[in-house]
Amino acid sequence: RIKKQIMDAEGVRRALTRIAHEIVERNKGTEGLVLLGIRTRGVPLAERIARKISIIEGTMPPVGYVDITLYRDDLTYFEEKPPAAQTKVNVPITDSKVILVDDVLFTGRTIRAAMDAVIDWGRPQCIQLAVLVDRGHRELPIRADYVGKNVPTSHRENIAVVLEEVDNEPDQALITE
Ligand code: 5GP
Ligand code: MG
């Protein structure tokens with residue numbers, strides 16, 4: 001059940017534009033930046049932010065992805081250690097500034113797993129986190145460096161993120177129950 005729209009297409013566009021500006025400001029340009037989207041909806045968000053950064057700075061940072069589905073530490077389908085998350089990035093990440101990008105930040109477990117995968121892959125200079133929506137309820141000491149919108153939710157509520165590339169519908173974010 002849809003309770004409330006929290007961002008329309010313009011809202012999403014403006015939030016990503018602001019985040020792109022914040023990333024280049026905090027990192028003093030684009031040197032060494034690598035954007036890694038968390039599959040599924042983090043990937044188009046990372047691509048959009050990279051395009052916006054290229055418009056601002058004239059250089060497009062490389063974009064890769066992290067596939068985290070089998071890596072969360074609260075999954076119980078595996079008796080032993082689940083297979084490592086697949087990270088794919090077409091540039092080395094050692095000494096780079098990795099920006100993880102996801103649609104929604106909740107308990108923090110996905111990001112913890114993504115950081116494990118990144119660190120298994122190489123040794124970045126730093127890892128930062130950008131999310132479109134922070135819905136609260138962290139269970140780990142993780143926070144986002146760049147937030148589109150903070151949306152305090154109850155445990156029963158969810159955030160629906162609609163993105164054109166994935167859903168073939170205009171962008172929006174909704175609170176659902
Ligand atoms: P966490 O691992 O922080 O508990 O959850 C974050 C991950 O689960 C993100 O990859 C996000 O896509 C997904 N997720 C968690 N809660 C929500 C939600 O309310 N809405 C959406 N769209 N995704 C969520
Ligand atoms: Mg996700």
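How many bridges join strand 8 to strand 9, and in which sense do the two strands run? In this predicted model, strand 8 and strand 9 (residues 172-176) are joined by five bridges and run antiparallel. One of the pairs along this ladder is formed by Asn 158, whose bridge partner in strand 9 is Thr 176. The two strands belong to an open sheet of three strands with the order 1-9-8 and antiparallel pairing. Strand 1 (2-7) and strand 8 (158-162) are the edge strands of this sheet, each pairing on one side only. From one strand to the next, the twist averages 30°.

The confidence scores of the prediction are as follows. The chain has a mean pLDDT of 91, with 90% of its residues at 70 or more. The ipTM of the model is 0.99 and the pTM is 0.93. Where pLDDT is low, predicted coordinates should not be read in detail.

A further open sheet contains six strands in the order 4-3-2-5-6-7, and its pairing is mixed. Strand 4 (86-88) and strand 7 (146-150) occupy the edges; each has a single partner strand, so one side of each is left without a neighbour in the sheet. Neighbouring strands are turned against each other by 20° on average, with direction ignored. Within this sheet, strand 5 pairs with strand 6 (residues 126-134) in the parallel sense, over eight bridges. Asp 102 stands opposite Val 131 of strand 6. In general, the strands of a sheet pair through backbone hydrogen bonds, in either a parallel or an antiparallel arrangement.

Asp 102 also appears at the ligand site. Ligand 1 is surrounded by twelve residues, of which the closest are Asp 102, Asp 103, Thr 107, Thr 110 and Ile 159. By residue class, the shell divides into three nonpolar, four polar and five charged residues. Polar contacts to the ligand involve both backbone and side-chain atoms of the protein. A backbone N or O atom of Ile 159 lies 2.5 Å from a nitrogen atom of ligand 1. At Asn 158, which also takes part in the pairing with strand 9, an N or O atom of the side chain is 3.4 Å from an oxygen atom of the ligand. A polar backbone atom of Arg 109 is 3.5 Å from an oxygen atom of ligand 1. On its own, ligand 1 has 500 Å² of accessible area, of which the protein covers 81%. Strand 5 (97-105), helix 3 (109-121) and strand 8 are the elements that give two or more residues to the shell. The largest share, three residues, comes from strand 5. The site thus draws on strand 5 and strand 8, the former a member of the six-stranded sheet and the latter an edge strand of the three-stranded sheet.

Two features of backbone geometry were found in loops. Arg 39 and Thr 40 are joined by a cis peptide bond with omega of about 10°. Thr 40 is located in the loop between strand 2 (33-38) and helix 2 (42-57). His 137 is a residue other than glycine with a positive phi, near 70°, and lies in the loop between strand 6 and strand 7. For reference, most peptide bonds are trans, and most residues other than glycine have a negative phi.

Key
Residues are numbered from 1 along each chain as its sequence is written. Chains are lettered from A and ligands numbered from 1 in the order in which they are written. This is a predicted model: local features need pLDDT of at least 70, side-chain atom pairs count only at pLDDT 80 or more; totals for chains, interfaces and linings use all residues. Side-chain values use heavy atoms; hydrogens and water are left out. Two strands pair if DSSP finds at least two bridges between them. Helices (H or I, at least four residues) and strands (E, at least two) are DSSP runs, numbered from the N terminus. Axes are lines fitted to C-alpha atoms, for helices over the stretch in contact, and angles run from 0 to 180 degrees between N-to-C directions. A residue is near a molecule or strand if one of its heavy atoms lies within 4 Å of it. A polar contact is a pair of N or O atoms within 3.5 Å; within protein, one must be able to donate a hydrogen and the other to accept it, and residues adjacent in sequence count only if both atoms are side-chain atoms. Accessible areas come from the Shrake-Rupley method with a 1.4 Å probe; for residues, only the protein chains shown count as cover. Ala, Val, Leu, Ile, Met, Phe, Trp, Tyr, Cys and Pro count as nonpolar, Asp, Glu, Lys and Arg as charged, and the others, Gly among them, as polar. pLDDT is the predictor's confidence in each residue, from 0 to 100.
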